[in-house]
Amino acid sequence: MICPVCEERRNAGQNAAQWPILQAWAKQKQWPINGTLCWLTDEEWKDILTAAFEGETAPRISPGLEGGMVMLGRRTSRFGKKRFSEWLDWLNAASHHAGIKIPAPKGIINESIAREINCFS
């Protein structure tokens with residue numbers, strides 16, 4: 001019997017932690033789409049930021065069925081716990097660098113502590 005050793009998948013808490021950050025991007029930053037600045041959804045920001053996190057290397061791009069272009073294969077659901085932790089760290093740093101104010105993580109009651117970690121909006 002062969003028993004492959006695989007990294008444990010991300011957990012629900014890790015998954016939930018990314019959405020307030022992505023929602024902050026959606027509320028605070030416009031992005032050029034077809035030459036026009038637009039507000040994007042949190043899911044669309046996830047696509048853009050995941051590609052950036054992965055270094056935008058060797059993207060797989062396909063023509064859409066009725067025109068346009070579609071980027072394929074960027075899925076954080078395939079990340080293990082370690083890689084997802086790296087994604088969350090990168091996402092927080094990218095948010096800070098872009099001036100995105102993210103909400104304080106749940107469980108942080110003291111406002112001064114939240115300000116110290118630069119995540120209080």
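## A guided tour of helices H2 and H3

Threonine 50 has a relative accessibility of 2% and is therefore classed as buried. The model on display is a predicted one, and this residue is a convenient place to begin. Select threonine 50 and display the helix around it: the residue belongs to helix H2, which covers residues 42–53.

Next, show the surroundings of threonine 50. Which residues does threonine 50 touch, leaving aside its neighbours within four places in sequence? The contacts are Arg74, Thr76 and Trp87.

Now select helix H3, residues 81–98, together with H2. The axes of these two helices come within 11 Å and cross at roughly 105°. Angles from 65 to 115 degrees count as roughly perpendicular, so H2 and H3 are described as roughly perpendicular to each other.

To inspect the place where the helices meet, select two groups of residues:

- On the H2 side, choose Lys46, Leu49, Thr50, Ala52 and Phe53.
- On the H3 side, choose Arg83, Glu86, Trp87, Trp90 and Leu91.

Colouring this selection by residue class gives 6 nonpolar, 1 polar and 3 charged residues in the contact of H2 with H3. Threonine 50, the starting point of the tour, is among the H2 residues here.

Keep H3 in view and select glutamate 86, which is one of the H3 residues that meet H2. With which residues does glutamate 86 form a salt bridge? One partner is lysine 82, where the closest N and O atoms are 3.7 Å apart. The other is arginine 83, with the closest N and O atoms 3.4 Å apart. Salt bridges that share partners thus link Lys82, Arg83 and Glu86 in one network. In general, side chains of opposite charge can pair when their charged atoms come close. The structure holds 2 salt bridges.

Follow the helix backbone between these residues. Lysine 82 and glutamate 86 are both in H3 and stand 4 residues apart, about one turn of the helix. Arginine 83 and glutamate 86, also both in H3, stand 3 residues apart, again about one turn of the helix.

Finally, switch on the surface and compare the three partners. Is lysine 82 buried or exposed? Lysine 82 is exposed, because its relative accessible area is 57% and the cut-off for exposed is over 50%. Arginine 83 has a relative accessible area of 32% and is therefore partly exposed. Glutamate 86 likewise counts as partly exposed, at 32% relative accessibility.

How values were computed
Residues numbered from 1 in each chain as written. Predicted model: local features only at pLDDT ≥ 70, side-chain atom pairs only at ≥ 80, totals over all residues. Heavy atoms only, no water. Salt bridge = Lys/Arg side-chain N within 4 Å of Asp/Glu carboxyl O. Buried < 20%, exposed > 50% of the residue type's maximum accessible area, 1.4 Å probe, protein only. Contact = heavy atoms within 4.5 Å. Axes fitted to C-alpha atoms, helices over the stretch in contact; angles between N-to-C directions. Parallel < 35°, antiparallel > 145°, perpendicular 65-115°, else oblique. Nonpolar A, V, L, I, M, F, W, Y, C, P; charged D, E, K, R; others polar.
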